[in-house]
Amino acid sequence: GASIANTPLANVQKLNAGMSAIAEFDATPEWSTRFDSQAVYFKNKYWMIGGKSVGNDCAFSGNVWNSNTGDTWASVTTTAPFSTHKEIQAVVDTTNNRLYVLGGILCSGSADTALRVWYTDNGTSWTAVPFAGASNYFPLTRFSAVSKDGVLYVFGGSPLNTPHAKV
């Protein structure tokens with residue numbers, strides 16, 4: 001979901017590799033309009049994850065959708081455990097063939113005070129990753145994340161809305 005003038009959209013746009021043309025790929029996907037969603041390509045499917053619905057500041061979405069082609073979408077779950085979070089990040093770990101969702105802001109607008117990382121092998125069942133003694137971790141929003149060789153890397157972000165440059 002993108003937005004124009006702070007009005008969320010529910011569409012899929014396709015940009016060719018040469019960046020010379022943009023086209024609306026799916027003008028009316030099955031999910032509702034939203035901000036702050038994540039999209040990834042995982043297990044040969046496109047995935048749309050989470051986001052914030054229009055209106056209510058606490059209307060975060062815990063739904064997950066997927067598509068083989070990008071033009072017909074299926075609901076995978078409506079109750080993912082990160083449904084109380086916005087500004088999450090989704091990362092595909094190709095080494096372990098898992099999809100991770102991490103971080104986010106709670107409805108109160110503050111960063112979650114606990115380390116929140118979930119993974120799935122299928123998009124339906126999500127498992128919280130236990131972190132005992134993760135003293136180097138701080139709650140994050142507005143960050144970037146990638147995976148390489150089975151390790152998740154988190155770049156920058158804002159713990160409790162204070163910009164940070166730590167990796």
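Three aromatic pairs turn up when the whole of this predicted model is searched. One of them brings together Tyr 100 and Tyr 119, whose ring centres are 5.8 Å apart. From there, the tour moves on to a four-stranded sheet and a nonpolar patch on the surface.

**The tyrosine pair**
- The ring planes of Tyr 100 and Tyr 119 meet at 45 degrees, so this pair counts as tilted.
- Tyr 100 sits in strand S10 (residues 98-102) and Tyr 119 in strand S11, so the pair ties together parts 19 residues apart in sequence.
- Tyr 100 is buried because its relative accessible area, 10%, falls under the 20% cut-off.
- Tyr 119 is buried too, with a relative accessible area of 17%.

**The open sheet**
- Four strands form an open sheet in the order S9-S10-S11-S12, and their pairing is antiparallel.
- Strand S9 (89-93) and strand S12 (126-128) are the edge strands, each pairing on one side only.
- On average, neighbouring strands of this sheet are turned by 25 degrees against each other, direction ignored.
- Strand S11 (residues 117-120) and S12 run antiparallel and are joined by three bridges.
- Across from Thr 120 you will find Trp 126 of S12.

**The nonpolar surface patch**
- Val 146, Val 151, Tyr 153 and Phe 155 make a nonpolar surface patch of about 320 Å².
- The biggest contributor is strand S14 (residues 151-155), which gives three residues to the patch.
- Val 146 belongs to strand S13 (residues 144-148).
- With a relative accessible area of 41%, Val 146 is partly exposed.

Key. Residues are numbered from 1 along each chain as its sequence is written. This is a predicted model: local features need pLDDT of at least 70, side-chain atom pairs count only at pLDDT 80 or more; totals for chains, interfaces and linings use all residues. Side-chain values use heavy atoms; hydrogens and water are left out. Patches are made of residues with over 30% relative accessible area and no salt bridge: like charges are joined within 9 Å, nonpolar side chains (Val, Leu, Ile, Met, Phe, Trp, Tyr) within 5 Å. Accessible areas come from the Shrake-Rupley method with a 1.4 Å probe; for residues, only the protein chains shown count as cover. A salt bridge is a side-chain nitrogen of Lys or Arg within 4 Å of a carboxyl oxygen of Asp or Glu. Helices (H or I, at least four residues) and strands (E, at least two) are DSSP runs, numbered from the N terminus. Buried means under 20% relative accessible area, exposed over 50%, partly exposed in between (1.4 Å probe, protein chains only). Two strands pair if DSSP finds at least two bridges between them. Axes are lines fitted to C-alpha atoms, for helices over the stretch in contact, and angles run from 0 to 180 degrees between N-to-C directions. Rings of Phe, Tyr and Trp (its six-membered ring) pair if their centres lie within 6.5 Å; planes under 30 degrees apart count as stacked, over 60 as edge-to-face and the rest as tilted.
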